[in-house]
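Biologist: I should be grateful for a close look at a single part of this structure, with its partners and its surroundings described together.

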Amino acid sequence: MDMKTWEGVKMYENVVCKSSEDLFLLIQEALRIGDGALVRVFLSSGNYYFHLLFDDEKLLLGEARSLRTNGRITGRAMLGMLMETLKGPFVADVMAVTDSDIKNTLLANIDLYEVTPKVLLFEMFTPKLWQSPLTPESGLESEPSLSL
């Protein structure tokens with residue numbers, strides 16, 4: 001069964017994005033006028049498309065559909081495919097949605113909501129910022145803590 005969605009205000013249609021940062025900016029524009037964003041991402045090879053629903057903080061729903069078989073990929077497997085897709089050129093549609101659109105879409109897709117990883121927008125689109133360079137793997141020792 002396909003993800004049931006309530007179409008919001010179409011803001012961007014068939015936009016070629018060269019990177020995840022391009023899509024992040026489009027989503028931010030949708031969030032300026034709406035409570036969330038409904039996003040469709042089409043892989044440049046044309047084999048898969050993604051339906052994604054975001055509120056102002058995180059991914060709420062996501063699925064990947066095969067255009068050949070109409071097979072559905074959800075959960076962590078979908079997220080992994082999406083993150084790979086966002087590395088290269090892709091085409092995106094972005095719509096602004098209201099709070100009631102978000103709630104209706106969640107209720108109509110509760111099974112999908114349960115399996116979709118709730119990843120923060122910040123983590124999805126700006127991974128370099130949340131991966132601290134000062135980790136033990138980087139070879140830097142942390143300062144010993146002092147107690148009084």
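Modeller: The account below concerns strand β4 and what surrounds it. This is a predicted model, in which local features need pLDDT of at least 70, side-chain atom pairs count only at pLDDT 80 or more, and totals for chains, interfaces and linings use all residues. Residues are numbered from 1 along each chain as its sequence is written, and side-chain values use heavy atoms, with hydrogens and water left out.

Helices (H or I, at least four residues) and strands (E, at least two) are DSSP runs, numbered from the N terminus. Strand β4 covers residues 59-66, and eight of its eight residues are buried, so the strand is largely enclosed by the rest of the structure. Buried means under 20% relative accessible area, exposed over 50%, and partly exposed in between (1.4 Å probe, protein chains only).

Two strands pair if DSSP finds at least two bridges between them. Strand β3 (residues 48-55) pairs with β4 in the antiparallel sense over seven bridges, and three residues separate the two strands in a hairpin. Within β4, R65 is the bridge partner of Y49. R65 also has a bridge partner in β5, namely R72. Strand β5 (residues 72-73) is antiparallel to β4, with two bridges; five residues lie between them in a hairpin, and N70 in that turn has a positive phi of about 65°.

A nonpolar core is a set of buried Ala, Val, Leu, Ile, Met, Phe, Trp, Tyr and Cys residues joined through side-chain atoms within 4.5 Å. The largest has 26 residues, and β3 and β4 are among the elements that give two or more residues to this core.
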